[in-house]
Amino acid sequence: MMSFTLASGDRLPAIGLGTWKAAPGAVYTAVKEALAMGYRHIDCAPIYQNEPEVGKAIAEALAGDVVSRQNLWLTSKLWNNAHAPEHMRPALEKTLADLRVDYLDLYLIHWPVAFKPGVLFPRRGDDFIALDDQAIGLTWKALEDCVAQGLARNIGVCNFSVRKLDALCRQASIRPAMNQIELHPYLQQRAMLEYCRENGILVTAYSPLGSGDRPAAMKKADEPTLLDNPVIQRVATKHGAAPAQVLLAWGLGRTTVVIPKSTHPERMRQNLAAGQLRLDAQDMAEIAALDRGYRFVDGSFFTGSGSPYTLEQLWDE
Ligand code: A2P
């Protein structure tokens, strides 16, 4: 299995199973099957509201010697309602209890957005806390303490712009090891990749297949589909591969971790096998031309009326 090395020296399997949008009923079976077929990296988060089922599958796989804890990579994330240092540690402990493990391989700040404690998803402006009032630096310091205490081996962030990442790097004792961001041929983020490469930060590509199963409220009427793109389909046909494998091989070829979500064993197997597909320079050049700066997950759900967050401020664009 292809892997990439983090700043700590830990090696991270380059293909992980995504669990966002995986219904609690389906995710238990999916994680069990994934571990049995060779996945060694599961990407989780409490806001996916399925960590207890993921944890049940992991516990059974560990007990059945399908995989050892040392050979399994578990990532989870701190939700926006627990950025305050006194809430961060209990949130991590809840995730550890739900996943039934005593440490995470990687713990990430899910968004550079803060909510009041207890708010799962904001309904009005009053549910938010502006980052001026809940500094990311303090949250980060609490994460660093969790590394010292052995609860997380590596720490990082998600959805951070270069500007926010750079500001965090300047004040961190432990530099962020990872930025998990939306990344696919329609949103190639070259400047971000360059910044991360220069600064020893790995990048994970979320929504590598375009996340077609997002809830309707998170979809735009005219959004493009990645799996049906003619260039992706042509490259797939050329290699006798599936379009999803082309999208994943493209991500791996740029040294980014990919976390495709599926709950169907045949697709999970197909996605894992994308590690064997090698795209050539012509394929990469044709796919490079597909960039259109398009976000499927644009964060607009955090910028409604009364919110202190705007899209410009969120992405620094
Ligand atoms: P399903 O879970 O029903 O298999 P992303 O990883 O970008 O969030 O995309 C997830 C979406 O892509 C889900 O709708 C998932 O469907 C679908 N998907 C996952 N793997 C494949 C594949 N190999 N071929 C086609 N669609 C896939």
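1. Let's start in the middle of the sheet. Val157 stands opposite Asn179 in E10. That pairing belongs to a parallel match: strand E9 (residues 155-158) is joined to E10 by 2 bridges. Keep in mind as you look around that this is a predicted model.

2. Now step from E10 to the next strand along. Strand E10 (residues 178-182) runs parallel to E11, and 5 bridges join the two. If you want a spot to click on, try Glu182, which stands opposite Tyr206 in E11. How much of E10 is buried? The count is 5 of its 5 residues, so the strand is largely enclosed by the rest of the structure.

3. One more step takes us to E12. Strand E11 (residues 202-206) pairs with E12 in the parallel sense, over 2 bridges. Here Thr204 is the residue to find, as it stands opposite Val257 in E12.

4. Time to zoom out. What order do the strands of the sheet follow? The order is E3-E4-E5-E6-E9-E10-E11-E12, which makes an open sheet of 8 strands with parallel pairing. At the edges sit strand E3 (17-18) and strand E12 (257-258), and each of these pairs on one side only.

5. Have a closer look at E11, since it shows a nice pattern. In a regular strand the side chains alternate between the two faces of the sheet. In E11, Leu202, Thr204 and Tyr206 point one way, while Val203 and Ala205 point the other way. Are these side chains on E11 buried or exposed? All of them are buried, and the strand as a whole is mostly covered, with 5 of its 5 residues buried.

6. Past E11 comes a loop worth a visit. Ser207 lies in the loop between E11 and helix H7 (230-239), and Ser211 has its place in the loop between E11 and H7 as well. What is odd about the backbone here? Phi of Ser207 is near 50°, a positive value in a residue other than glycine. Ser211 also has a positive phi without being a glycine, this time near 45°.

7. Are those two serines buried or exposed? Ser207 has a relative accessible area of 6%, so it is buried. Ser211 counts as buried too, because its relative accessibility is 9%. The cut-off behind both calls is under 20%.

8. Ser211 turns up again at the ligand. Which residues come nearest to the ligand? Of the 17 residues around it, they are Ser211, Lys261, Ser262, Arg267 and Gln270. By type, the shell around the ligand divides into 5 nonpolar, 8 polar and 4 charged residues. Helix H9 (residues 265-273) gives the largest share of that shell, with 3 residues.

9. Some contacts with oxygen atoms of the ligand are easy to pick out on screen. A polar side-chain atom of Ser262 lies 2.6 Å from a ligand oxygen. For Lys21, a polar side-chain atom is 3.1 Å from an oxygen atom of the ligand. Thr263 uses its backbone instead: a polar backbone atom there is 3.3 Å from an oxygen atom of the ligand. How much of the ligand does the protein bury? Taken alone the ligand exposes 570 Å², and the protein buries 87% of that.

10. On to the aromatic rings. A search of the whole structure finds 13 aromatic pairs. Take Phe115 and Phe121: their ring centres are 6.3 Å apart and their planes sit at 70°, so this pair is edge-to-face. The angle is what decides it, as planes over 60 degrees apart count as edge-to-face.

11. Those two phenylalanines don't share the same surroundings, so check each one. Phe115 counts as buried because its relative accessibility is 2%. Phe121 has a relative accessible area of 41%, so it is partly exposed. Both belong to a cluster linked by ring pairs, whose members are Trp79, Trp111, Phe115, Phe121, Phe128, Phe301, Phe302, Tyr309 and Trp315.

12. A last stop is Asp10. Where does Asp10 lie? Its place is the loop between strand E1 (3-5) and strand E2 (11-13). With 13% relative accessibility, Asp10 counts as buried. Its side chain has a partner, too: a polar contact of 2.9 Å joins the side chains of Asp10 and Asn154.

Note on methods:
Residues are numbered from 1 along each chain as its sequence is written. This is a predicted model: local features need pLDDT of at least 70, side-chain atom pairs count only at pLDDT 80 or more; totals for chains, interfaces and linings use all residues. Side-chain values use heavy atoms; hydrogens and water are left out. A residue is near a molecule or strand if one of its heavy atoms lies within 4 Å of it. A polar contact is a pair of N or O atoms within 3.5 Å; within protein, one must be able to donate a hydrogen and the other to accept it, and residues adjacent in sequence count only if both atoms are side-chain atoms. Accessible areas come from the Shrake-Rupley method with a 1.4 Å probe; for residues, only the protein chains shown count as cover. Helices (H or I, at least four residues) and strands (E, at least two) are DSSP runs, numbered from the N terminus. Ala, Val, Leu, Ile, Met, Phe, Trp, Tyr, Cys and Pro count as nonpolar, Asp, Glu, Lys and Arg as charged, and the others, Gly among them, as polar. Two strands pair if DSSP finds at least two bridges between them. Rings of Phe, Tyr and Trp (its six-membered ring) pair if their centres lie within 6.5 Å; planes under 30 degrees apart count as stacked, over 60 as edge-to-face and the rest as tilted. Buried means under 20% relative accessible area, exposed over 50%, partly exposed in between (1.4 Å probe, protein chains only).
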